[in-house]
Amino acid sequence: MFEAWGRGLYRARRLTLVLAAAFAVAAGVWGTGVFSKLTSGNTFTPPSSESNRESALATSVFGRDEADVVVLYHSAAMTVADPAYRRAVTAELGTLPAADVLHTTTYWSSGQASLASTDRHSTYAVLQLAGADDAARQDTYKAIKNDLASGPGDGITAKVGGTVPTEVAIDSAVTGSIARAEGISLPVLLILLVLIFGSVVAAALPVAIGGLAILGSFTVLRLLTLTTTVAIYSVNITTIMGLGLGIDYGLFMVTRFREELRRQPTVEAAVARTVATAGRTILVSGVTVALALTSLMLFPEVFLRSMGYGGVATVAVVVIAAVTVLPALLAVLGHRVNALRVRKSVGAAPKEDGGAWYRLAHSVMRRPVVFASVIVVVLLALGAPFLKISWGGTDSTVLPASSTVRQVSDTLASEFPANSTTPAEAVVSNVASGDALTGYVSKIDAIPGVTGTQVTGERDGTVRLDVGFRPQYFSPQARQIVTGIRALAPPPHATVLVGGATAGLVDELGSLGSTLPWMALLTAVATFVLLFLAFGSVVLPLKAIVMNILSLSATFGVIVWVFQWGHLSGLLQFTPGSIDPTMPILLLAIVFGLSMDYEVFLLSRIRERYDETGDNPVAVASGLQRTGGLITSLALLLIIVVGLFSASSITFLKLLGVGMIVALIVDAAVVRVLLVPATMRLLGRANWWAPRPLRRLYARYGIREAAGAESQPYVRAT
């Protein structure tokens, strides 16, 4: 089937390229408009969670009361008791357009002591903005941003923070990080690809496929925005996976095409054979990666679902491009794929046996127990810090310390009553009497850590309560307080919903914890089935899953060591703290998929050689000789892509970049190059074992590497 597809592409090569060019133009014109369609609001809390239901109920009964914008004022000479301080701030706020600012709350208008700092030289105003949704309120904020930041004068300074400015700042930084990553990484990638390929023409092909994948995924994402909510962060995974997989598959396909050009009598035969071998491997790899990313769609959180949308869309487009557009390009180029050489050895036959990677494999296989034992112990030791992870949420602390929005948040936390803008909120419906409510409030106040409960709204038997507490609102102690409030019996005949930022994190952790086992099950089963169909073994898929778990544990441990415990925080320029729980899950899906990508590349060559010789050590060494340089080159190139995210000013992008760098180094330099040969030597022919019924299944439905791979494995089940 794959060989016939390759021959068909050769005959329709020009038509294929014309259609691909038309698609690229359309995607560039229409698909890139996706940025204005993406959302950046609350995408981390499950839509049906108690905290979201509380927010919806409170809004429907009392109207919106969120602190959209917080304007922090400070006077070195005056306190909030000074009439001149009040007049200056009130006058400035009074100049804001009434159509943009629906309501303003200040220390003087509300009399709330929590709106003044402990030294009374600082105060803040809370603004509610006009706008039907997050995007509209962001537009409103941008319209008045300069007026707010100018300050009222008279020695009074103003800084702007709050929910909407934080969202705008994060969006801007994310977009800037992507643009910077693309602008810097692409020239570096081109130079490295030219050095790796030794030919300018060959080096340009993977980049073209990656670019087409990114444009195509933008188009798919924009189509999805017509029917569902998609978070802006989805473009991050689109960029990473588009360039990364485009280069992976392009390099793999072009390398194989060069080999087949030396073996086959015609370009058509070389294209057909390339698609039959490398094309088949790319398809298996792509489906494996896509299924790993599909598991993100099991989560109700918009953030993770959007990452799943972006990832699967990118993988689908890049696989289609790799097995259609790239073969067509190779068919047109033929031997000119080696044009514009930068070294004379381009096009020469690589060493099949006896090269450096071949010798390394045999060196490992002479002492497999030592290598396997040491590597497993080291990876487990690296993963140990993950056992002490502390979860937190995404707020202004992901921004750099130089950000004004971050400075406002830090000042509110250090100079004002704890959580003055982020209390827990409870909406009590069907309250029968004031005494019943008083009794319920007294129970809340008795919870350790609670500083007091205030009634902030009352209408038609529904009461809104703001609960203050001492711990930081994303801390484990704060989550215990929310859990304690939810555990209280409501007043007679009443119902209670508890929300707020802390409750949102509680709901998020509960949702992630309940869905994670299903994600793991889907990923493991899908991986097992695909690898079995590709290689006819039940041992290799299980071994691959176990090794991926070891690699992931090491990655997660390093993340905790760096981003929670603060090692290298000065070098990477971030403030250490808790870990957003969605980040390890996102890394799990991406890294698991990419690890299987490299596993399929390596095992496909090992299996091909094993079918030829029946000698397991020779097959392993030969497979590593053919793919060792390829895998390490792919990892290096992808490190260049994601490495620039580690330089982002946004902490969670930095975490994603560092996590992927660690995972790529561990996987490419340790697991595939050392641990795979060691374990395959220990298992011997058992690597290829399958029960007789499954062997028959593989014989009928297995995805063959090539026409010559119909031969059965040399090991027979008993």
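Helices here are DSSP runs of H or I with at least four residues, strands are E runs of at least two, and both are numbered from the N terminus. With that in hand, Val 529 is easy to place: it sits in helix 17 (residues 501-535). This is a predicted model, in which local features need pLDDT of at least 70, side-chain atom pairs count only at pLDDT 80 or more, and totals for chains, interfaces and linings use all residues. Residues are numbered from 1 along each chain as its sequence is written, and side-chain values use heavy atoms, with hydrogens and water left out.

**A nonpolar patch**

At 39% relative accessibility, Val 529 counts as partly exposed; buried means under 20% relative accessible area, exposed over 50%, and partly exposed in between (1.4 Å probe, protein chains only). Val 529 helps to make a nonpolar surface patch of about 540 Å², together with Leu 298, Trp 518, Leu 521, Leu 522 and Val 525. Patches are made of residues with over 30% relative accessible area and no salt bridge, where like charges are joined within 9 Å and nonpolar side chains (Val, Leu, Ile, Met, Phe, Trp, Tyr) within 5 Å. The areas come from the Shrake-Rupley method with a 1.4 Å probe, and for residues only the protein chains shown count as cover.

**The cores**

A nonpolar core is a set of buried Ala, Val, Leu, Ile, Met, Phe, Trp, Tyr and Cys residues joined through side-chain atoms within 4.5 Å. The largest one has 157 residues, and Tyr 233 and Leu 586 touch the most other members. Helix 22 (residues 651-683) gives the most to this core, with 19 residues. Another core, of 34 residues, lies apart from it and includes Val 101, Tyr 107, Leu 129 and Val 408.

Contact means heavy atoms within 4.5 Å. Leaving out residues up to four places away in sequence, Leu 586 touches Ile 237, Leu 296, Phe 303, Leu 304, Met 307 and Leu 656. Ile 559, in helix 18 (residues 539-564), is buried, with a relative accessible area of 3%. Ile 559 and Ile 579 are 20 residues apart in sequence, and their C-alpha atoms are 8.7 Å apart in space.

**A covered strand**

Strand 3 (residues 122-129) is largely enclosed by the rest of the structure, because eight of its eight residues are buried. Ser 122, Tyr 124, Val 126 and Gln 128 cover one side, with Thr 123, Ala 125, Leu 127 and Leu 129 on the other. Two strands pair if DSSP finds at least two bridges between them. Strand 1 (residues 69-75) runs antiparallel to strand 3 and is joined to it by six bridges, while strand 2 (residues 101-105), also antiparallel to strand 3, has four bridges to it. Leu 127 stands opposite Val 69 and also opposite Thr 104.

**Salt bridges**

The structure holds 17 salt bridges, each a side-chain nitrogen of Lys or Arg within 4 Å of a carboxyl oxygen of Asp or Glu. Three of them are listed here.

| Pair | N to O distance |
|---|---|
| Arg 7 and Glu 3 | 3.5 Å |
| Arg 11 and Glu 268 | 3.7 Å |
| Arg 459 and Asp 460 | 4.0 Å |

Arg 7 and Glu 3 both lie in helix 1 (residues 2-11), four residues apart, about one turn of the helix. Arg 11 is in helix 1 and Glu 268 in helix 10 (residues 267-294), so their pair ties together parts that are 257 residues apart in sequence.
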